[in-house]
Amino acid sequence: MPRWPVLLFLAWVSLLFAAGLGLFLSGFLLTRAELPQRSSCAEPPGPGPGPWPWRGQRPPRSCWLPRRFARALLVLIDALRFDFAAAAAARGRPRHYHGKLGVLRQLAAAQPRHGRLYRFRADAPTATMQRIKGLTTGSLPTFVDVGSNFASYAIREDNLLAQLVHNGRRVVFMGDDTWEGLFPKMFHRSYFFPSFNVKDLHTVDNGILQHLYSTVDGGEWDLLIAHFLGVDHCGHKHGPDHPEMAKKLLQMNEMLRTLVERLGNDTLLVVAGDHGMTDTGDHGGDSEKEVNAALFVYSKTPLFGTDPPEEPEVVPQVNLVPTLALLLGVPIPYSSIGEVMAELFATDGDAVSAALQQLDVYHINANQVDRFLRSYSLVAQDLPTEELQQLQDIFSSAVEEHAQLVAHVQEEKPSSPELQARLGRLLGRFQRYLREARAVCARSWARFRPLRMVAGCALIAASCLLCYVASALPAAPDSFYRSCLLAPLLWGLAAALLLGLACAVMQEGLDLLVVSSWAAAVSQVAFFWRWWACPALAFPMGILLFRCGAMFSDSFVVAEARVVPFLLASLVALLVGKLHWDGRLTVPEGPRQQLLSSSSYRKESWHLLYLVAALLLCVRLSAAFHQCREESPQCRPSLFLAPLAGLRDARAKNLFYLACVAALVALVCAVRRWLRHCGNLNGSEPAVLFVRWGFPLLAVFVACYWAVASSAEDSLGKLQELVHVALVAFPWAVYGLVGAGLLLVLCKPVTVFAKDTRETAGPIVTPYLGVASSEVDFLHVIPQIYRRMQESLKSHLERGGCGAAVAAYGLGSVYSAALVIALTLLAFLLLLLHSERLSLAFLLLFLEAFVLLHIHARARKPFSVPWYAVISWLLAASQFFYSTGHQPIFPAIHWNAAFVGFHLDHSTNLLPALLVGANTFASHILFAVGCPLLLLWPFVCEAPSTQRRKARKEPREELHEEEEHMMEMRLREAPDRFSAALLQLGLKCLFVLGMQQLVLAGMLMVPHCACWARRFLFEALGFVVSSVCLLLGILLVMRVDCAVSAWFSRLQLR
Amino acid sequence: MSEAGVRRLCAANLLRGCSVLLAATAPRFFLDGFSVLGTPLTWLCACSVSVSALSVVLNAALGPSPPPRRGSLAHKVGFLKCCMYFLMSFGRAFLSLNTFLFAVLLSTFTTLQCLCVLGPNIQAWIRVFSKNGAMSIWDNNLQITTVCSVLGAWFGAFPIPLDWDRPWQVWPISCSLGATFGYLAGLIIAPLWIHWNRKQLTYKSR
Ligand SMILES: [Zn+2]
Ligand SMILES: [Zn+2]
C-alpha cells in the first residue's frame, strides 16, 4: 500500500494552505515590537534645558519643560467626525448632523486665540480600542502586539496616563468601560459604563453627565477623561444622517457649553473624536470619512500667539500625546512618535522669543523620538536602515544648528530679521525630522499590503480548487502519485531554488514567506497543468455555501453559535429526506404494496430515524453550554462554564460534582463497552491492558483533581500544603498517563487477540495475505475456520471480530479501535483543561460523533466518504467549539487552562500557549483526529446484521457469508483503494476547512471589515490545528496498517 | 388526469390562497389595531383557523379521496389517529405560546393537508413523499405545497440574527411569514408544475 504518497500529498496541500494563509496574514497583520522602557522625569532625552531668560521661573511639578496647564479636561466623543463639528456646508441638502455643535464654532470665532478647531487624522484601523491605544501611547496600532501580556488587554507600553500617575497626578475617568481593561488600577476615580451594546444610545452618556459637572467642580483631578459613546452608537444604529444624531449632537453641545462655563483658568479643554464614521455609521477601515475626526482645544487663558489659518489644520492623532504631556509638564511617553503642536507653546513675547520657545519644545520632542528610534532599532529590524540613517542625519544637523543658535542668542540677543529667518529654518528642519520619522514608522508598521493579501487569497482559493479537483480524481495507483504529486513538488522546489538563487545574486534579503508561497504557486500551476477538470457540485455543497455565506454578515458571525447547529440539523434532515425521496428507506415494492398503494419503512430505516432524532437531541442539548459574546448584553453565559469552586451552595456543588464524575465514568464505560463489542478488549496486548486499567485510573485522577480543585479553600485549613501538592500532582499524573497511552497506541496499535488453538496442527492460513493463492486453498480453509468459530461462540467468549481469522478477536475493527483509544486519551487531556462541568459537553460530543458516524454508516457508500458526511462532521466540530464554552473573541478564552498543573508561574510562553490552545481548539482536535473514522465506520458497522444471520446459515453457504463481513479487513484487501479513500477524505476535509478561510480572508479585503481580524485569527489558528490533527489521525491509521501487516507476517511464521 | 381535475385543483388552491390572504386582512375589520406585524399572534391564530377550516370544508366538498363512512369504527379510530398525528407534528412546541402557534400554523400547512388528502394512513404518507409515489394531481399538489411551506419556514429563520431591528425579525414571526409565503408559492407553483409536466405525469392506477 502506498502510504507515504498519501501523507505527503496531504501535507503538501496543507502547506499550500499554510503558505496562502501566511502570505495573507503578513499583508494584513500590523506588527510592531513593544518597548518596555519608560520615560522618566529625571532623565530628559538629550541635553537638559539651560537657565535661559525666556524660560522664566520653572513652575513646581514640571518635567523636561515648564508646564503650561495644571490640569486638562479631555472630552472624548466617540466617532466625532470632523464635519459634525464644522459649520454646515454651504451647498447641498442640510444634513441632520450639520451645525449642531455650535458652541465650538462660537468659541473659536469669539476668542480666536483661546480656541481652535483641527482636523484630527486617525490612523487605520479606526476601531475604538486601537484608537484609545494610539491616543494614550502616541504610537501606531497593532493587531497582535509582539511581546504583549499573555492574558489581558492592558496596555503595557509607556503611555500618557502612566506618566501622569507616575508623576503624582490624579486621573479621573468616566465613560466607556474599555478603558478599565486597558488601564487597570490607574485611575484615581472612575465611573465605567458598559459599552458593548451598540443599540443603547444613552446609558453611557447619561451616566457620565450624572457625575461630570460635580467632579469638575470638585476639583480632585489633574486629568479628567470623559468618553461619550452616544454618537458612535447612534451612528451604528441609525447612521449619521438621522434625527437621533441631531439630538445626540445637541446633547453634546449642551454638555460642552456647560463645561466651558465651569472651566478654570488653569485648565485646558480638549474635545476630540477618536475616529469618524462612514455614511452608514460604520468605522474600522481607512476611508476618508472614517479617519477624519474633529479636535478642538480651548482654554480661558490665551493659547495661541497668532490668529487661526483659514482652513483648519490637519493634526495626526499621535500628536496629541506629546502635546498634552508637555503642556501638563510630564515626560513624553517613551514610544510616542508624535510631533508636538508647537503653536500651543508660544503665547507671549515677540516673534523671536516665541520661536525660541517653540524650538525648545521641538528640541525635546526630536530628542525623545530619536531616543525611541534608537532603542527600537536595537530590538526589531522592521524599520529600514537607510531611512533611519537619513533621519539620523537630519536630526544631528538640526541639533547642531540648534546649539549654535542658542549660543548665538545667549551672547548677543539681537532680534534681527536674519536671526528670525534662521529660527524659522530651524523650526522647519525639526518639523521635517519629526514628520519623516512618523512617516517611516507608519510605512513599516501601519500599512496593509494589498498585494500580499490578494496573493494570499488567490493561493487559498487555488488550494481549495485543488482539493476539490483532486478529491474527484479517479485514483490510479502509481502513475497517479508520480504525476500529481511528484511533478508539482519538484516544480515547486525548483521555483523556490530559482528564486533563492535570484535573491542571492541580486544581494537582496530573502523573505522565507515569499519564497514558500512562490513555490506553492508554481507547484499548483504544475498540478493544474496536468489535472484540469471541472467537477460537478454535490447537493450538500448548498449547506456549505450557506455556512460560508453566513460569514459575510456581521450579525451571522455574532450568531454563529446558533447558526452552525441549525445548519447541521438541516443537513442531516436533508440527507434523510433525500434518502427517503429516493426510496432507499422503504421496503422495495412488492406486488402487495402496489396493491395497497402504500409503502413502509424497513427496520434499519426506523433505526436511522431514531439516530436522527438522537442527533437533533444532542444538538439541542449542546446549546446549554454556550458562552456569550460581548455584543449581546442580554445573553447570560451558561452556568456550566464556571468552575465548581465558585459555587456557594455545597449541596449543588456536590450534585454537580457527582454529575461530572458520572459523565467521566460514562465516557470510560461507553468506550470500553464499544471496544468489547468489537472484540478489541481481549488478550493482553499492552494497548488492551492500558484500556482496561489505564482508563479507570485516568478517570480517578481527573475526578480527584476536580475534587481538590473545587473544594473550598478555607475549609481545608491545615491541609493547605497537601492541597497545593495535589493540585499539581494530579494533572501531571494525567499528563503522564495520557502521554504514555498515546505512545503505546503509536508503538503497539494492534488490539487483536489471536487465540492459538492447539488442537489444530499447522499454521493458521488466513486469506488476508494478499490474494488467496488458489480456490482449493480457500475450500480447505473455510470449513475449518467456521468450525472453530462455532467453538468460540459456544464457549461464550466475545465474538470473533472477523470471520476468516476465526480466533483473531477484534481484527475487523483494529483501525477504528486504535483511533477510538487515542481519541479517548485526548478527551481526558482536554477534559482536564476545561472547567469541571464541561465534561457533560464532552460526553455529548462523543455521543454526537457516534450518532453521526452511525447515520453515515447507515447511508453509506463503501470506500468513499460522501460530501455530506465530511461537511456534517466539520460542522459538528464548529458546533462543539461553541458548545464547549468558547467564542472566537479574546475575552472568552479560558486562560485558566494555562495553570492546570502549574502554580502561577511559567518560565516560557510556549507551554501555557499550548495548554490554552488545546483548550480553545478542543473540538477541532478531537474531530480532526477522528476524521478517518468516517471512512472506517461503515466497515465496522457491517458486522452485526450479518452476524446474526450467520448462526442459521448452512455451512455450504459459508464462502459467500465469510466474504460479507470482513469489516475493516476489506480495506486491507484493496490497499490502493484504501489509500485513495484516505487521500480523498483528507482532501475533502481540507477543502471544507479551506473554504471558510477563503471567505473570511475575502471579507477582510473589504476595507471596513478590518474589525473581523480577530475572528480570522481564530479561524486561521483553528485551521492550522485541524489540518495538523487530521494529518496525525491519518498517520495513526497508517501506523496501524503497518502494525497489522507485521502482525500478519508474525502469524504466518507461527 | 382530466382537465376537470386540474381545474378543480386550481379552484381549490385559489380558495386556499384567498383564505390565507383573508386571514391577514379581514380581522382588521373586527379587531382594533390588528396587523400582521403588529399583532402576530392573533394573525397566526386567524391564519391557522381559516386555512384549516377551509381544508376540512374542501375535503368534504371536493373530496379527492372517498371519505369513510360516518360513524363507523374505522372512522372513529381514524379521527383519533388524525388528532394524534396532528399533535405529534407539533414536536416540542409546548414550550411557549409563540412556538406553539408557529407549530400549529406549520402543521396546518403541511400535516393537516396531508390528513385531508391521505387520511391517517402512514404508509400512504411515506409513499407520497418519495420519488415516484404521487398517484394523482392531488398528491403532487400536496408534495409541492408541503415542501414549499417547510422550505419557506427554513429560509424564514435566516433573518433572525440580522441586526436590522425590524419587528418581524423575531422568532417565530419570520418563520411563520416564510412558511406562509412558501405555502402561497406552493399553491401557485403546483398547478403550474402539473400543467408543465402533464405529458410526463402518468399515474399508476390504484
Ligand atoms: Zn470609537
Ligand atoms: Zn463604533
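Tutor: Let's begin with burial: buried means under 20% relative accessible area, exposed over 50%, and partly exposed in between (1.4 Å probe, protein chains only). This is a predicted model, where local features need pLDDT of at least 70, side-chain atom pairs count only at pLDDT 80 or more, and totals for chains, interfaces and linings use all residues. Residues are numbered from 1 along each chain as its sequence is written, chains are lettered from A and ligands numbered from 1 in the order in which they are written, and side-chain values use heavy atoms, with hydrogens and water left out.

Student: Is A:His236 buried or exposed, or partly exposed?

Tutor: Its relative accessible area is 28%. Because partly exposed covers what lies between under 20% and over 50%, A:His236 is partly exposed.

Student: And which class does A:His283 fall in?

Tutor: A:His283 has 11% relative accessibility. The cut-off is under 20%, so A:His283 counts as buried.

Student: Which residues donate to the zinc ion (ligand 2)?

Tutor: Donors are N, O and S atoms within 2.8 Å of the metal (3.2 Å for Na, K and Ca); water is not among the atoms, so sites may look incomplete. The protein donors here lie 1.9 to 2.4 Å from the zinc ion (ligand 2). They belong to A:Asp232 (OD, listed twice), A:His236 (NE2) and A:His283 (NE2).

Student: Why is the arrangement around the zinc ion (ligand 2) irregular?

Tutor: Four donors count as tetrahedral if all angles lie between 85 and 135 degrees, and as square planar if opposite donors are over 155 degrees apart and all others between 65 and 115; anything else is irregular. The arrangement is irregular because the four donor atoms subtend angles of 56 to 143°.

Student: How far is the zinc ion (ligand 1) from the zinc ion (ligand 2)?

Tutor: The zinc ion (ligand 1) has its own donors, in A:Asp78, A:Thr128, A:Asp274 and A:His275, at 1.9 to 2.6 Å. The separation between the zinc ion (ligand 1) and the zinc ion (ligand 2) is 4.8 Å.

Student: How many residues apart in sequence are the parts tied together by A:Asp78 and A:Asp274?

Tutor: Helices (H or I, at least four residues) and strands (E, at least two) are DSSP runs, numbered from the N terminus. A:Asp78 lies in the loop between strand 1 (71-77) and helix 2 (82-85) of chain A, and A:Asp274 in the loop between strand 6 and helix 10 of chain A, so the pair ties together parts whose separation in sequence is 196 residues.

Student: Which residue of strand 6 of chain A is the bridge partner of A:Leu74?

Tutor: Two strands pair if DSSP finds at least two bridges between them. Strand 1 and strand 6 of chain A run parallel, joined by six bridges. The partner of A:Leu74 is A:Val270.

Note on methods: Four donors count as tetrahedral if all angles lie between 85 and 135 degrees; four count as square planar and six as octahedral if opposite donors are over 155 degrees apart and all others between 65 and 115; anything else is irregular.
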